[in-house]
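Work through the exercises below with the sequence and the coordinates at hand. Each task is followed by a worked solution.

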Amino acid sequence: RLESLERERRDKAIEKFKRFLEEHPDRPEYTPDAMFRLAELYFEQENDEFLQADERYRREMKRYEAGRRPSQPEAPRRDYSQTIETFSKLVRNWPDYRLLDGAYYLLAYCEQKTGNPRKARDLFAELIVKRPKSEFVPEAWIRIGEYHFDRSDDPEEIALAKNAYEQAMKYEQSKFYDKALYKLAWSYYRLDRFEDAIEHFKQLVAY
């Protein structure tokens, strides 16, 4: 009951923000905040829709595995199209917005989850350039490193990953510091720089 009520109120809030933006498309004191909140609501809505679809899929899979369904159900796919459209418009039209880094972060996250890792990498890179002091910068470097680390065994790709992890390690107070150290050690290992790999794994154990 509470989930149904939440969905109903979220739908109403979305409609109100949409009407507000239609009436005030270019008010710097209000418009970007309204766009950011609308995009967040879209994200919650689209994520909720995926979770509901995934729950139905799991139920149908159990029926299929038990022989009570003739064909295997199709797994749901995430769709953040409205979130992406709204955040894209926000970063394009309001480049000086105070929460621009948050918009870039969620935009990159959605692109990553919907199967566009290269686009996500580029957005994380834009976040770093445009908001170099953002709290999201250490994680952005990690995400960039993961893109290159997971892409192939090409030494050039691994070297790019190594460079990204080294950038992330500059933020020693970040909660991603240990992950950066761990993946940096693995990058050295994949580059056949075994002594460097051992040294960084030892640093990780000490950390």
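The exercises that follow concern a predicted model.

**Exercise 1.** Determine how the axes of helix H7 and helix H8 are arranged.

Solution. Take H7 as residues 155–168 and H8 as residues 177–190. Their axes come within 9 Å and cross at roughly 155°. Angles over 145 degrees count as roughly antiparallel, so H7 is roughly antiparallel to H8. The crossing of H7 past H8 is left-handed.

**Exercise 2.** List the residues through which H7 and H8 meet, and sort them by character.

Solution. From H7 come Ile 158, Ala 161, Lys 162, Tyr 165, Glu 166 and Ala 168. From H8 come Ala 180, Lys 183, Leu 184, Ser 187, Tyr 188 and Arg 190. Sorting the residues of this contact gives seven nonpolar, one polar and four charged.

**Exercise 3.** Is Ser 174 buried or exposed, and what does its side chain reach?

Solution. First locate Ser 174: it is in the loop between H7 and H8. Its relative accessibility is 15%. Buried means under 20%, so Ser 174 counts as buried. The Ser 174 side chain reaches the backbone nitrogen of Phe 176 at 2.9 Å.

**Exercise 4.** Describe the surroundings of Arg 143 and its separation from Arg 190.

Solution. Arg 143 belongs to helix H6, residues 137–151. With a relative accessibility of 32%, Arg 143 counts as partly exposed. Its side chain makes a polar contact of 2.7 Å with the side chain of Glu 139. Setting aside neighbours within four places in sequence, Arg 143 is in contact with Tyr 105 and Phe 124. Arg 190 is 47 residues from Arg 143 in sequence, and their C-alpha atoms are 18 Å apart.

Notes. Residues are numbered from 1 along each chain as its sequence is written. This is a predicted model: local features need pLDDT of at least 70, side-chain atom pairs count only at pLDDT 80 or more; totals for chains, interfaces and linings use all residues. Side-chain values use heavy atoms; hydrogens and water are left out. Axes are lines fitted to C-alpha atoms, for helices over the stretch in contact, and angles run from 0 to 180 degrees between N-to-C directions. Helices (H or I, at least four residues) and strands (E, at least two) are DSSP runs, numbered from the N terminus. Angles under 35 degrees count as roughly parallel, over 145 as roughly antiparallel, 65 to 115 as roughly perpendicular and the rest as oblique. A crossing is left-handed if the near helix is turned anticlockwise from the far one by less than a right angle, and right-handed if clockwise. Contact means heavy atoms within 4.5 Å. Ala, Val, Leu, Ile, Met, Phe, Trp, Tyr, Cys and Pro count as nonpolar, Asp, Glu, Lys and Arg as charged, and the others, Gly among them, as polar. Buried means under 20% relative accessible area, exposed over 50%, partly exposed in between (1.4 Å probe, protein chains only). A polar contact is a pair of N or O atoms within 3.5 Å; within protein, one must be able to donate a hydrogen and the other to accept it, and residues adjacent in sequence count only if both atoms are side-chain atoms.
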